[in-house]
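Thanks, everyone, for making the time this morning. Please have a look at the model on the screen, and I will then take you through its sheets, its core and one threonine.

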Amino acid sequence: MLPAGVTLARDGTPSTTVSGTISNETEVAGDYTFSISVRDSENNRVEMSYDIVIEDNFVPLTIVSTDVPDAEENVPYTATVEAQGGEGAYTWQIRGGELPPGLQLEEDGTGATTTISGTPTMPGSFTFQLEVRDDGGASPARKTIFMEVAPEPPPLRIMTVELLPVEQG
């Protein structure tokens, strides 16, 4: 039996070829034996058996970024998170928790990266879970992210307690 996604097709010449596209290796990896039977115009028949091995080269979907940098209140912020594996376009979302107020998750629609950007408006410790899915049907990858937003530093003030006398001359 041929593995799913592989077909035996006649190409119009006296020879026949085995061709096909394997769309999801995790479902078809393994050893396969199949037979091909050929009959000529005089009704002579020949049958041959073949063995093929399809290796599992599928790379699971994972978020490879270890963490994002901390932020500072009211200071523009940008951080990139990267995924790898799976197949096809990626879709990112916040699965649990919340981004710091003023930040948002920006998708480019198909890329292996997503960007967290904006201007955080509230200091504190934040925990949220990112999830990425692919078009190939791999199990989604999730990663919990911890992020600190430091309070805005107080404005710089110059304070003079006493002026020293000035001499003219």
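Two strands are said to pair here if DSSP finds at least two bridges between them, and the strands themselves, like the helices, are DSSP runs numbered from the N terminus, with at least two residues (E) for a strand and at least four (H or I) for a helix. With that in hand, one open sheet of four strands has the order β5-β7-β10-β9, with antiparallel pairing, and its edge strands, each pairing on one side only, are β5 (62-63) and β9 (103-107).

Before going further I should say that this is a predicted model, in which local features need pLDDT of at least 70 and side-chain atom pairs count only at pLDDT 80 or more, while totals for chains, interfaces and linings use all residues. Residues are numbered from 1 along each chain as its sequence is written, and side-chain values use heavy atoms, with hydrogens and water left out.

As for confidence, pLDDT is the predictor's own figure for each residue, from 0 to 100; its mean over the protein is 82, and 78% of the residues reach 70 or more. Among the elements, strand β6 (residues 71-72) has the highest mean, 97, and helix α1 (residues 25-28) the lowest, 52. Where pLDDT is low, the predicted coordinates should not be read in detail.

In all, the protein has one helix and 12 strands. Returning to the sheet, β7 and β10 run antiparallel and are joined by six bridges; within that pairing T78 stands opposite S117, and E82 has T113 as its bridge partner. On the other side, β5 pairs with β7 in the antiparallel sense over two bridges, where I63 is the bridge partner of A83.

In a regular strand the side chains alternate between the two faces of the sheet. For β7, the covered face carries Y77, A79, V81 and A83, and the uncovered one T78, T80, E82 and Q84.

The second open sheet, again of four strands, has the order β6-β12-β11-β8 and mixed pairing, with β6 and β8 as the edge strands. There, β8 and β11 pair in the antiparallel sense over seven bridges, and T91 stands opposite R133.

What, then, are the residues that touch the most other members of the largest nonpolar core? By nonpolar core I mean a set of buried Ala, Val, Leu, Ile, Met, Phe, Trp, Tyr and Cys residues joined through side-chain atoms within 4.5 Å, and buried means under 20% relative accessible area, with a 1.4 Å probe and protein chains only. This core has 22 residues, and those touching the most other members are V68, Y77, W92, I116 and V132. At least two of its residues come from each of β7 (77-84), β8 (90-97), β11 (124-134) and β12 (141-150).

Taking contact as heavy atoms within 4.5 Å, and not counting residues up to four places away in sequence, V132 touches L61, I63, A83, Y90, T91, W92, P140 and A141.

Lastly, T114, which lies in strand β10 (residues 113-118), counts as buried because its relative accessibility is 1%. A polar atom of its side chain lies 2.7 Å from the backbone oxygen of E106. Leaving aside neighbours within four places in sequence, T114 is in contact with A79, T80, V81, W92, L105, E106 and E107.

Methods
Buried < 20%, exposed > 50% of the residue type's maximum accessible area, 1.4 Å probe, protein only. Polar contact = N/O pair within 3.5 Å; in protein donor to acceptor, adjacent residues only side chain to side chain.
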